[in-house]
Amino acid sequence: MHVVVNAAMSADGKLSSRRREQIAISGDEDFARMDRLRADSDAVVVGVGTVLADDPHLTVKDESLIDERRDRGEPAHPARVVVDSTGRTPLDAAVLDDTATTYVCTSERATIDDRMDLSNRAELVTAGDDRVDLLRAFATLQGQGLERIMVEGGGELIFSLFEAGLVDELRVFVGPKVIGGRDAPTLADGEGFVADFPILELESLERVGEGALLTWRTAER
């Protein structure tokens, strides 16, 4: 399995405002790059916070990319995965429609009723007691043939993936906007590291529109 975290952040490292509202950070060039990355993936992963804040569809937009997937014998869209420890994903969320297969990864902390409701809309992966055990959940996804994984956020999930040692590659578009705010989400929220910091190796740096795309690979710790 190869896990790529893809994100867009402001020049000061924020994913959105302190109100957790979606803010346009990148432009058309970066959107096209992200759509290509989705099309080249077996699954697109987000945390439940992203679902609650943005209600994303997580599908490929460019029809030519959809045709390429079909020509390769793949579904029109990659699978969608929501990491949701307590079963908060709304049953009317866009990600639960029938456009593509959806997996919801939850823990034993989610109520039986919530898990049953979600299992009627998605493939349910239960791993962990109080929060999703990402190693077990991703092993289950791999067992379903999902090898090329794209993670789109948010910050809590990204931190947890780094903590679990699951990130192979980090691609970050840094836009020219300054958002500010001590409570605004950053690329890797969560508890934060105080030792054994993940180290990245810069693979490439390129200008994209008015911003810059940095591609990092995870180095050995």
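Two strands count as paired when DSSP finds at least two bridges between them. Keep that in mind for the sheet stops below. The model on screen is predicted.

**Stop 1: the hairpin**

Select strand S8, residues 200–208, together with strand S9, residues 211–218. S8 and S9 run antiparallel and are joined by eight bridges. Now look for Leu-202. Across from Leu-202, in S9, stands Trp-216.

Move to the turn. S8 and S9 make a hairpin, with two residues between the strands. Pick Gly-209 there. Its phi is positive, at about 60 degrees.

**Stop 2: the other partner of S9**

Keep S9 and add strand S7, residues 169–174. S7 and S9 pair over six bridges, again in the antiparallel sense. Show Val-174 as sticks. Opposite Val-174 is Ala-212 in S9.

**Stop 3: helix H6**

Select residues 155–163, which form helix H6. How many of the nine residues of H6 are buried? Seven are, so the helix is largely enclosed by the rest of the structure. Colour the buried ones: Gly-155, Leu-157, Ile-158, Phe-159, Ser-160, Leu-161 and Phe-162.

Step just past the helix to Gly-165. Gly-165 has a positive phi of about 70 degrees.

**Stop 4: the second largest pocket**

Stay with H6, S7 and S9. Each of them supplies at least two residues of the lining of the second largest pocket. Which of these elements gives the most? S7 does, with three residues.

Select Phe-162, Leu-170, Leu-187, Ala-188 and Leu-200. Among the 13 lining residues, these five lie nearest the centre of the pocket. Two of them tie back to earlier stops: Phe-162 is one of the buried residues of H6, and Leu-200 falls in the residue range of S8.

The space in this pocket comes to about 180 Å³. Now colour the lining by class. What do the classes show? There are 13 nonpolar residues, no polar ones and no charged ones.

**Stop 5: Asp-30**

Finish on helix H1, residues 28–39, and pick Asp-30 within the helix. Is Asp-30 buried or exposed? Asp-30 has a relative accessible area of 4%. The cut-off for buried is under 20%, so Asp-30 counts as buried.

Show what surrounds Asp-30. Leaving aside residues up to four places away in sequence, Asp-30 touches Phe-173 and Val-208. Both sit on strands from earlier stops. Phe-173 falls in the range of S7, and Val-208 falls in the range of S8.

How values were computed
Residues numbered from 1 in each chain as written. Predicted model: local features only at pLDDT ≥ 70, side-chain atom pairs only at ≥ 80, totals over all residues. Heavy atoms only, no water. 1 Å grid on protein atoms, 1.4 Å probe; cavity = no way out; pocket = protein on both sides within 12 Å on 5 of 7 lines; lining within 4 Å. Points joined across faces, edges and corners; volume = space filled by probe spheres on them. Helix = DSSP H or I, 4+ residues; strand = E, 2+ residues; numbered from the N terminus. Nonpolar A, V, L, I, M, F, W, Y, C, P; charged D, E, K, R; others polar. Buried < 20%, exposed > 50% of the residue type's maximum accessible area, 1.4 Å probe, protein only. Contact = heavy atoms within 4.5 Å.
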